[in-house]
Amino acid sequence: MEKLMHLLFLYCLVSLGFRFGCSTTTTTAGLTSMFGAPVTSAAPSTSVFGAALAAAPPAFGLSSFNSGITSQSQNDGTKEKKKGKPIEIPVFTGLQTKLETPWRNVLWTEEQKKNMMKTVSSYRPSCKDVPHARVLLLGPIRSGKSSFISSVQSVFSGRVTNRAMLQSFNIHALKGEDNTGLVLCDMMGFGDGEITGLTLHDILSVIKGQVPEGHKFSADQPVGPETEGYVKTPSLSNKIHCVAFVLDASKIASYSKGFSSTFKQLREHISELGVHQVALLTHVDKICQETANDVSQVYRSPSVRDTMNSAGALLGMSTSYIVPVKNYSSELDLDVNADVLLLSAIDHILHYVDLFFQDYMPRQTRQKLL
């Protein structure tokens, strides 16, 4: 009985050893000694719950669980320390749709519109021999040349008017006033990569003032002395005093590389004639919704600004020569902001018309002296 009780006691010790992760060497030695065998190593058995337990690895998962609690406690403590301070969360607003400040300053008021209308109405060329300044509109097919002329006339008419066919058109002033000293000359557009129906020779003949009014161009029949109504010795009043290239803003990206060489060739020859050039960027309302809703936002639009840069690269000219416009198309009523933008374009053109006459007068004086 006494030996049986001793065996039960040792069994309990073994069970406790396994439960707390103790080494089994001590318990095995103890069991052997119960049956009279010699104990070979008694040192490890100094204490089942002392050195052996201290040397044993911790139970599985206990360390990581405590680590989790510690980490959680630290997080909670950090949160407590950060209480009262607003948490900064980044806000992603997407692409910028509106610039904070416009890159050109314009007064979008009714008073400004009236003042500009008076300026255009009263304009007269500085050269007394020239009754009207003649401006030629050049550009691709359906770029908005005729629509621009109709839109400008709409401003002075007080209502939206559309003229289907235009060639040379004198801007009519307000009722009771003389017509302006400005004539806008429309020409057929040229095609993708090459001039269709027009030749470089024909365009330069128009600028020189040699082509009669109403002439129908044909690539097979270039303008020459045999052309009916051909002006052999054009006067200054017959010539073109400024060229305005017209580009559709919604098609800038789709224009082929051929257009770039065409414009470059045109500009080189026109410059040789001493004629200044500007550019009109039409349909800006099609590339910017904010501008479509409110034309006065045109100079705050990144889309319009970037498209103007692309137009400048295509034409080979600085963007300071380029002005955006919004032509009237389906509207029935005038819009003050659209009118101001159109009149600003005319004012821009007249500035370079005046430069032509300023450049011409010294040349004319030198020729007389010679």
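The legends below go with several close-up views of a predicted model.

Local features are described only where pLDDT is at least 70 and side-chain atom pairs only at pLDDT 80 or more, while totals for chains, interfaces and linings use all residues. Residues are numbered from 1 along each chain as its sequence is written, and side-chain values use heavy atoms, with hydrogens and water left out.

**View 1. Phe 148 in the largest nonpolar core.** A nonpolar core here is a set of buried Ala, Val, Leu, Ile, Met, Phe, Trp, Tyr and Cys residues joined through side-chain atoms within 4.5 Å. Buried means under 20% relative accessible area, exposed means over 50%, and partly exposed is in between (1.4 Å probe, protein chains only). The largest such core in this model has 82 residues, and Phe 148 and Phe 245 have the most contacts inside it. Helix α11 (residues 336-369) supplies the largest share of this core, 14 residues. Helices (H or I, at least four residues) and strands (E, at least two) are DSSP runs, numbered from the N terminus. In soluble globular proteins, nonpolar side chains tend to be buried together. Look around Phe 148 and, beyond four places in sequence, you will find Leu 137, Leu 184, Leu 280, Val 325, Asn 327, Leu 342, Ala 345 and Ile 346 in contact with this ring; contact means heavy atoms within 4.5 Å.**View 2. Val 323 in strand β6.** Val 323 sits in β6 (residues 322-324) and is buried, with a relative accessible area of 8%. Not counting residues up to four places away in sequence, Val 323 touches Arg 104, Ala 279, Leu 280, Leu 281, Ala 345 and His 348. One of these pairs is worth finding: Val 323 and Ala 345 are 22 residues apart in sequence, with their C-alpha atoms 6.2 Å apart in space.

**View 3. Strand β4 and its partners.** All of β4 is covered, with 7 of its 7 residues buried. On one side are Cys 242, Ala 244, Val 246 and Asp 248, and on the other Val 243, Phe 245 and Leu 247. Strands β1 and β4 run parallel and are joined by 4 bridges, with Val 135 opposite Cys 242. Strand β5 (residues 276-282) also pairs with β4 in the parallel sense, over 7 bridges, and there Thr 282 is the bridge partner of Asp 248. Two strands count as paired if DSSP finds at least two bridges between them. Follow the chain through β4, α8 and β5 to trace a right-handed β-α-β unit: with the strands pointing away from the viewer, the path from the first strand over the helix to the second runs clockwise.

**View 4. Helix α7 and its cover.** The buried residues of α7 (residues 200-208) are Asp 202, Ile 203, Leu 204, Ser 205, Val 206 and Ile 207. Their cover includes β1 (133-138), β4 (242-248) and α8 (257-272). Just after the helix, Gly 209 takes a positive phi of about 85°.

**View 5. Two loop residues, Asn 327 and Arg 124.** Asn 327 lies in the loop between β6 and α11 and is buried, with a relative accessible area of 6%. The side chain of Asn 327 reaches the backbone oxygen of Gly 144 at 3.3 Å. Arg 124, in the loop between α5 (110-121) and β1, is partly exposed, with a relative accessible area of 40%. The side chain of Arg 124 reaches the backbone oxygen of Ser 121 at 3.2 Å. Both are polar contacts, meaning pairs of N or O atoms within 3.5 Å; within protein, one atom must be able to donate a hydrogen and the other to accept it, and residues adjacent in sequence count only if both atoms are side-chain atoms.
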